[in-house]
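Q: Hi! Could you walk me through a structure I have open here?

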Amino acid sequence: QHASSFIFQDDLNTMTSWRNYSLHPLQARYPDGDRHLIKYSPYLQKLVTLEQLLGVEFKHISLLARALTQGFNFLTLGNMETLELLGDAVLKLIAAEYIYRSLEQKSVIGSLSRLVEQATSTQTQAQVSKELALHSYVFHRLQDANKSRVAVSTKRHANLLESLSAALVLDRGFDCVKEFFTKHFGPKIETKFRESRSSQKRKRTGGKRNDKKTKRL
């Protein structure tokens, strides 16, 4: 709120819109939640299994369905594509904060920037997506049912992870996505950081050895 007051100052209408953005259409449709739809939908019943895997219960489970839908259906009022943009931005913001708070004292800014890029890369996102088997929960239109048998690309795996992250932040807020990120990305970031430090150390050691050889010559 302090930031919006500084940015918009006397523009009260814009400030109000910034602070009180509209609900997602799926949230506006059932403001108190839509879990009552589960008993009518075999697909939503399948998604309860994914919720258990994630350790999260959605207030609006149709948002989770939207994040995993290719094509249009009346349950989700759209598909995953619009959520990918939000999910990508959310993951980058959380990755930057996580890496800064966790490793700021241990590394230089250039290394931290590279870690953020690696943590939110298509390859890393796809790896997490595969570990959660998100592709097995994708809802296809009937005419696209055969696509579910086609090998899923790395980019598509990453897109699923991004749209899931967007659904999480819309339904449960940033803190929930931070917990998700810490659990599924944190260990990978720590591994990449250790590998980077080891690589830098080997380069420094190799450089010193070459200097000694040069002096002997």
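A: Happy to; we can talk about aromatic rings first and helix packing after that.

A: This is a predicted model, where local features need pLDDT of at least 70, side-chain atom pairs count only at pLDDT 80 or more, and totals for chains, interfaces and linings use all residues. Residues are numbered from 1 along each chain as its sequence is written, and side-chain values use heavy atoms, without hydrogens and water.

Q: Cool. How many aromatic pairs are there?
A: Three aromatic pairs, counting Phe, Tyr and Trp (six-membered ring) with ring centres within 6.5 Å.

Q: Why is the pair of Phe181 and Phe185 stacked?
A: Their ring centres are 4.6 Å apart and their planes at 5 degrees, so the pair is stacked (planes under 30 degrees apart; over 60 is edge-to-face, the rest tilted).

Q: Which residues do ring pairs link into a cluster?
A: Tyr98, Phe181 and Phe185.

Q: And is Phe181 buried or exposed?
A: Phe181 is buried, with a relative accessible area of 1%. Buried means under 20%, exposed over 50% and partly exposed in between, with a 1.4 Å probe and protein chains only.

Q: New topic: where is Ser129?
A: Ser129 sits in helix α8, residues 122-131 (a DSSP run of H or I, at least four residues, numbered from the N terminus). Ser129 is buried at 0% relative accessibility.

Q: What does Ser129 touch?
A: Leaving out residues up to four places away in sequence, Ser129 touches Leu134, His157, Leu160 and Leu161, with contact meaning heavy atoms within 4.5 Å.

Key. Helix = DSSP H or I, 4+ residues; strand = E, 2+ residues; numbered from the N terminus.
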